[in-house]
Amino acid sequence: MYASYFNFREMPFSIVPDPRFLYFSRAHSMALSMLEYGIVNQAGFTVVTGAIGSGKTTLIQHLLGNVAQHLHVAVISHTPRSDDNLFEWLLLAFNQPITGSSYAAMYKSFCDFVRDVAESGGRVVLIIDEAQNLQPARLEELRMLSNINSASMMMQLILVGQPELSETLSSAQLRQFAQRVSSDFHLPKLMLSEVNDYIDHRLCFVGGDPAIINEGARRLIAQSTEGIPRQINILADRCLAYAYGRGGAAVNLSLVREVVKDRSRHGVFRSEPQLALT
C-alpha cells in the first residue's frame, strides 16, 4: 500500500515468514549455529524454543535453504492430533507412498525408507514446528522411533516450539526423551539495541531510509512490542500506514503513541504491554 510512496521495493514489515528478511541477532545466530551443529554432528534430538513471533519458523526456513544435498529433510508444521497415525504424517512429509493402512504397516514403510536413505549415503532429518502441541504420548512415540539409530545415526529429530515445549520435556514421564536432547537453544526477545538494528535491517533490505522511523518512535515500538519481531512488524507496518495516510515523510514518537493508543482503544485485543527493555 505505502511501498511506492516511501520508495520501498517491497513492504518491509510483512509478518509472513521470509528467510530473506532474517535478522541475525546474537541469539538468532547462536540458535542457527546450534541447529547446524546438531545436523553436522549428527545429534539425535535438537530442541529450539522461543516466544510466539520470535522468528523460529523463519530460522527454520533459512536452515532449509542451506542444508547439504545428502540430507532428506521434511517439515511438519501442523501438529498431528492425538488420534492420528503418526507414521501416515511422516510418510506424507517425506513424499513416501502409503502402501498399508495399519499402524504396523506404516511403521515398517517409514523404517524401510530411513534405512534405504542411509544405505545410499544419506540421512533423514525430521523437523516438527509448533511442537509444543505434541502430547507426551506422541513425543514418546518419536523417542521410540529414534531406536532405529541403534547401529548408526540414520534419522535426526528437530523440535521447534513455544516455551511450553521445554516445560513438557521437563516432566518426569519424558525423562528418557530429554536425555536424548543433545542440542538445544531458547530464543529470547530482542533488546532495545537489537530492535534498532532489526528495524534498520528491514528498511535497508527494501531500499528504504532507516531515518524514516526516528529514535523516539523506535523506543516506543520496542517497549510496546516487548522486543518480539512479529509484533514489531505489526506495529511498524501500521505506523507507516498512518504516516502514508496523512502524507507524512516519517514516523515519530507522537505518531507511534497515537497508533498504540488506537490499537488499545479500537483493536480486537485492547491491551498493549508497556515493559521497558534493557
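Select β3 and strand β4 (residues 155-161) in this predicted model. The two strands pair in the parallel sense, and five bridges join them. Two of the residue pairs can be picked out directly. V125 has Q156 as its bridge partner in β4, and for L126 the partner in β4 is L157.

Keep β3 and add strand β2 (residues 71-76). This pair is also parallel, with six bridges between β2 and β3. One place to look is L71, whose bridge partner in β3 is R123.

**The strand in the middle of these pairings**

Now show β3 (residues 123-128) alone, with side chains. Is this strand enclosed or open to the outside? Six of its six residues are buried, so β3 is largely enclosed by the rest of the structure. In a regular strand, side chains point alternately to one face of the sheet and the other. In β3, one side carries R123, V125 and I127, while V124, L126 and I128 are on the other. Both faces are covered, and the residues on each of them are all buried.

**The whole sheet**

Extend the selection to β1 and β5. The result is an open sheet of five strands with parallel pairing, in the order β2-β3-β4-β1-β5. Which strands stand at the edges? They are β2 and β5 (181-187); each has a single partner strand, so one side of each is left without a neighbour in the sheet. On average, neighbouring strands of this sheet are turned by 15° against each other, direction ignored.

Two helices can be added over the strands. Helix α2 lies across β1 (45-50), β2, β3, β4 and β5, and runs at about 150° to β4. Helix α5 (residues 136-145) also packs on the sheet, where it touches β1, β3 and β4. The direction of α5 makes about 155° with that of β4.

**L90 and its contacts**

Select L90 next, in helix α3. Its relative accessible area is 0%, and L90 is therefore buried, the cut-off being under 20%. Leaving aside residues up to four places away in sequence, L90 touches I76, F110, L126 and L145. Of these, L126 has already appeared in the bridge to L157 in β4. For a distance label, use the C-alpha atoms of L90 and M106: they are 9.1 Å apart, with the two positions 16 residues apart along the chain.

**Helices α1 and α2**

Return to α2 and display it with α1. The axes of helix α1 (residues 26-40) and helix α2 (residues 56-64) come within 11 Å and cross at roughly 45°. That angle makes α1 oblique to α2. The crossing is right-handed. To see the contact, show H28, A31, L32, L35, E36 and I39 in α1, which meet L59, I60, H62 and L63 in α2. By class, this contact of α1 with α2 has seven nonpolar, two polar and one charged residues.

**Helices α8 and α9**

A second helix pair is found in α8 and α9. The axes of helix α8 (residues 192-205) and α9 come within 10 Å, crossing at roughly 110°. This makes α8 roughly perpendicular to α9. The crossing of α8 and α9 is right-handed. From α8, select L192, V195, N196, I199, D200 and L203; in α9 they meet R218, R219, I221 and A222. The residues of the contact of α8 with α9 divide into six nonpolar, one polar and three charged.

**Two loop residues with positive phi**

Most residues other than glycine have a negative phi. The last two stops have positive values.

Go to E226, in the loop between α9 (215-225) and α10 (229-245). Phi of E226 is near 60°, a positive value in a residue other than glycine. Is E226 buried or exposed? With a relative accessible area of 17%, E226 is buried.

Finish at N95, in the loop between α3 (86-93) and α4 (103-119). Here phi is near 55°, and N95 too is a residue other than glycine with a positive value. N95 is exposed, with a relative accessible area of 68%.

Key
Residues are numbered from 1 along each chain as its sequence is written. This is a predicted model: local features need pLDDT of at least 70, side-chain atom pairs count only at pLDDT 80 or more; totals for chains, interfaces and linings use all residues. Side-chain values use heavy atoms; hydrogens and water are left out. Helices (H or I, at least four residues) and strands (E, at least two) are DSSP runs, numbered from the N terminus. Buried means under 20% relative accessible area, exposed over 50%, partly exposed in between (1.4 Å probe, protein chains only). Axes are lines fitted to C-alpha atoms, for helices over the stretch in contact, and angles run from 0 to 180 degrees between N-to-C directions. Angles under 35 degrees count as roughly parallel, over 145 as roughly antiparallel, 65 to 115 as roughly perpendicular and the rest as oblique. A crossing is left-handed if the near helix is turned anticlockwise from the far one by less than a right angle, and right-handed if clockwise. Contact means heavy atoms within 4.5 Å. Ala, Val, Leu, Ile, Met, Phe, Trp, Tyr, Cys and Pro count as nonpolar, Asp, Glu, Lys and Arg as charged, and the others, Gly among them, as polar. Two strands pair if DSSP finds at least two bridges between them.
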